[in-house]
Amino acid sequence: MKKIVLLSGVSAALLAINANAAEFSPYFSLKGSIAQIQNDTNAFSDYSHGGVTHHINTLSDKTHKDSVFGLKAAIGAAQELKYGKLRGELEFGTSETSKEHNNFPFKVTNDYVHDFDIKTSFYSAMLNLYYDIDTGTKFTPYIGGGIGYARVKSKAAVTGDTPFGAIDMNSSTHENNFAWQLGFGVSYQVTDNIDIDLGYRYSDYGNAKDSVATPIPGLGKTLYADAKYSITSHEALLGLRYSF
């Protein structure tokens with residue numbers, strides 16, 4: 001229900017922009033970003049030996065972080081208001097794959113140190129709404145946010161040795177999620193048509209879940225693992241906006 005209300009609000013704002021064609025100003029924007037991708041990971045394995053010894057291994061219970069470059073492209077329109085502008089846009093975004101790892105002890109007869117590696121990537125399509133504050137100068141601060149769609153993909157790998165042989169687990173999962181973002185920034189008018197835009201944004205791309213079962217070599221037993229990923233980002237953006 002909340003998603004429907006939010007989408008209705010954005011749609012109404014975009015329709016309002018179209019209501020007054022005399023002050024209607026379409027634009028295109030392209031932004032580069034440096035984003036700290038945060039993958040809040042909760043991964044654990046369940047292992048039983050001989051029906052007696054039961055082990056829960058925490059593979060990862062931390063927020064993995066990596067800084068990567070990204071790209072945002074948007075088409076939109078601006079409507080003049082009394083004290084500024086209201087802008088609505090459709091934005092498409094992507095980023096490089098973030099990579100992180102941690103070590104953990106594996107409880108099979110003895111403690112062994114293993115590696116947990118994770119890679120995260122996503123694509124997004126967002127409906128954004130901004131309010132530009134008129135300062136009477138070439139500098140225009142703004143605030144805004146958006147809602148939309150994110151396709152999130154996570155790959156995880158567990159590697160290491162046990163008394164019964166090496167463990168090499170690999171899994172990959174993807175989800176189609178509801179996403180949202182909030183941000184602020186400032187633009188500088190270079191010409192009547194071109195603005196330089198500098199901003200900050202917090203984005204939430206939703207969750208992903210995965211499960212995998214792998215036999216332990218030399219033992220004939222199966223290791224079961226489950227993981228949940230929650231993916232967010234902090235982004236610094238710099239770009240150009242061209243108004244037609």
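Is L237 buried or exposed? At 4% relative accessibility, L237 counts as buried, because a residue is called buried when its relative accessible area is under 20%. The model in which this residue is seen is a predicted one, and the paragraphs below lead from the general layout of the chain to some of its individual contacts.

The protein consists of one helix and nine strands. Read from the N terminus, the order of these elements is α-β-β-β-β-β-β-β-β-β; the helix is thus followed by the strands. The protein has 244 residues, of which 41% count as buried.

L237, the residue of the opening question, is found in strand β9. Along the chain, L237 and S33 are 204 residues apart, yet the C-alpha atoms of the two are separated by 4.4 Å. The reader may locate both residues in the structure above and compare their places in the sequence.

A second link between distant parts of the chain is made by charged side chains. D197 and K31 meet in a salt bridge, with a distance of 3.9 Å from N to O. D197 belongs to strand β8 (residues 194-216) and K31 to strand β1 (residues 24-49), so that the pair, 166 residues apart, links distant parts of the chain. How accessible are the two partners? D197 counts as buried at 3% relative accessibility, and K31 counts as buried at 7%.

D197 also takes part in another salt bridge, with R241, in which the closest N and O atoms are 3.1 Å apart. Here too distant parts of the chain are linked: R241 lies in strand β9 (residues 221-243) and D197 in strand β8, 44 residues apart. R241 is buried, with a relative accessible area of 7%. Salt bridges that share partners therefore join K31, D197 and R241 into one network.

The count of salt bridges comes to six. One that involves other residues is formed by K85 and E80, whose closest N and O atoms are 3.7 Å apart. K85 is partly exposed, with a relative accessible area of 31%, and E80 is likewise partly exposed, with a relative accessible area of 37%. The members of the network, by contrast, count as buried: D197, K31 and R241.

Attention may now turn to strands β6 and β7. Strand β6 (residues 139-162) and strand β7 (residues 165-189) pair in the antiparallel sense over 24 bridges. Within this pairing, G144 has G183 in β7 as its bridge partner. The connection between β6 and β7 is a hairpin, which joins them through two residues.

Strand β6 also contributes to a feature of the surface. Which residues gather there in a patch of positive charge? The patch is made up of K99, K119, R151, K153 and K155. Its largest share, three residues, comes from strand β6. One residue of the patch, R151, lies in strand β6 and is partly exposed, with a relative accessible area of 33%. R151 can belong to such a patch because a patch is made of residues with over 30% relative accessible area and no salt bridge, and the value for R151 is 33%.

Taken together, these details show charged residues in two settings: K31, D197 and R241 are joined in one network of salt bridges, whereas K99, K119, R151, K153 and K155 gather in a positive patch on the surface.

Note on methods: Residues are numbered from 1 along each chain as its sequence is written. This is a predicted model: local features need pLDDT of at least 70, side-chain atom pairs count only at pLDDT 80 or more; totals for chains, interfaces and linings use all residues. Side-chain values use heavy atoms; hydrogens and water are left out. Patches are made of residues with over 30% relative accessible area and no salt bridge: like charges are joined within 9 Å, nonpolar side chains (Val, Leu, Ile, Met, Phe, Trp, Tyr) within 5 Å. Accessible areas come from the Shrake-Rupley method with a 1.4 Å probe; for residues, only the protein chains shown count as cover. A salt bridge is a side-chain nitrogen of Lys or Arg within 4 Å of a carboxyl oxygen of Asp or Glu. Lys and Arg count as positive and Asp and Glu as negative; His and the chain ends are not counted. The place of a charge is taken as NZ of Lys, CZ of Arg, CG of Asp or CD of Glu. Helices (H or I, at least four residues) and strands (E, at least two) are DSSP runs, numbered from the N terminus. Buried means under 20% relative accessible area, exposed over 50%, partly exposed in between (1.4 Å probe, protein chains only). Two strands pair if DSSP finds at least two bridges between them.
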